[in-house]
Amino acid sequence: MKLTGRVVFRDIETGVWVLEGDDGTTYQLAGGDRKLKQDGQRIEAEGRVDGDMLTSAMVGPVFHVSSYRFV
């Protein structure tokens with residue numbers, strides 16, 4: 001699946017990177033690389049959503065990034 005949105009750091013527990021999707025959903029980011037983690041940067045990313053995965057941050061479904069580009 002392809003998502004677009006803004007990468008944001010949330011200071012929850014030990015900190016978590018999320019994608020505030022243009023679809024109105026907040027996704028916890030998994031995968032990607034260090035360059036992806038730029039607070040406020042807009043991206044278009046491809047990957048898969050794991051809606052059954054539980055995390056300590058509980059900010060939304062986990063989005064496993066397979067590729068991305070800055071927009």
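Before you start clicking, one cut-off to keep in mind: a residue is buried under 20% relative accessible area, exposed over 50%, and partly exposed in between. Tyr 68 sits at 23%, so Tyr 68 counts as partly exposed. Also bear in mind that you are looking at a predicted model.

**The whole chain**

Start with everything shown as a cartoon. You'll find 0 helices and 5 strands, so to speak a β-β-β-β-β pattern when read along the sequence. The radius of gyration is 11 Å, close to the 11 Å that the globule rule gives for 71 residues, so the protein is as compact as a globular protein of that length. Along the principal axes, the C-alpha atoms fill a box of roughly 30 × 25 × 20 Å. Of the 71 residues, 31% count as buried.

**The barrel**

Now colour by strand. In what order do the strands close into a barrel? Go round as β1-β2-β3-β5-β4, and expect mixed pairing. On average, neighbouring strands of this sheet are turned by 55 degrees against each other, direction ignored.

**β2 and β3**

Select residues 16–21 for β2 and 26–31 for β3. These two run antiparallel, joined by 3 bridges. Show side chains and pick out the partners: Leu 19 has Tyr 27 as its bridge partner, while Val 18 stands opposite Gln 28. The two strands make a hairpin with 4 residues between them. Stop at Gly 24 in the turn, where phi is positive, about 90 degrees.

**On to β5**

Next, add residues 62–70, which is β5. Is its pairing with β3 parallel or antiparallel? It is parallel, over 4 bridges. For a landmark here, click Leu 29, which stands opposite Phe 63.

**Inside: two cores**

Hide the cartoon and show side chains for Leu 3, Val 7, Leu 19, Tyr 27, Leu 29, Leu 36, Ile 43, Ala 45, Phe 63 and Val 65. Together they are the largest nonpolar core, with 10 residues. β1, β3, β4 (42–50) and β5 each supply at least two residues of it. Apart from this core lies another, of 5 residues, including Val 8, Val 16, Val 18 and Val 59. Nonpolar side chains tend to be buried together in soluble globular proteins.

Which residues does Leu 3 touch, not counting those up to four places away in sequence? Select Leu 19, Asp 23, Tyr 27, Ile 43, Glu 44, Ala 45 and Phe 63. For the chain overall, among contacts between residues at least 6 apart in sequence, 52% join residues at least 24 apart.

**The aromatic stop**

A search of the whole structure turns up 3 aromatic pairs. Zoom in on Tyr 68 and Phe 70: their ring centres are 5.6 Å apart and the planes sit at 75 degrees, so this pair is edge-to-face. Tyr 68 you have already met as partly exposed, and Phe 70 is partly exposed too, with a relative accessible area of 34%.

**Last stop: a loop**

Finish at Thr 14, in the loop between β1 (2–10) and β2. Is Thr 14 buried or exposed? With a relative accessible area of 80%, Thr 14 is exposed. Now draw a distance from its C-alpha atom to that of Ser 56: the two are 42 residues apart along the chain and separated by 9.3 Å.

How values were computed:
Residues are numbered from 1 along each chain as its sequence is written. This is a predicted model: local features need pLDDT of at least 70, side-chain atom pairs count only at pLDDT 80 or more; totals for chains, interfaces and linings use all residues. Side-chain values use heavy atoms; hydrogens and water are left out. Buried means under 20% relative accessible area, exposed over 50%, partly exposed in between (1.4 Å probe, protein chains only). Two strands pair if DSSP finds at least two bridges between them. Axes are lines fitted to C-alpha atoms, for helices over the stretch in contact, and angles run from 0 to 180 degrees between N-to-C directions. Rings of Phe, Tyr and Trp (its six-membered ring) pair if their centres lie within 6.5 Å; planes under 30 degrees apart count as stacked, over 60 as edge-to-face and the rest as tilted. A nonpolar core is a set of buried Ala, Val, Leu, Ile, Met, Phe, Trp, Tyr and Cys residues joined through side-chain atoms within 4.5 Å. Contact means heavy atoms within 4.5 Å. The radius of gyration is taken over C-alpha atoms; the globule rule is 2.2 Å times the number of residues to the power 0.38.
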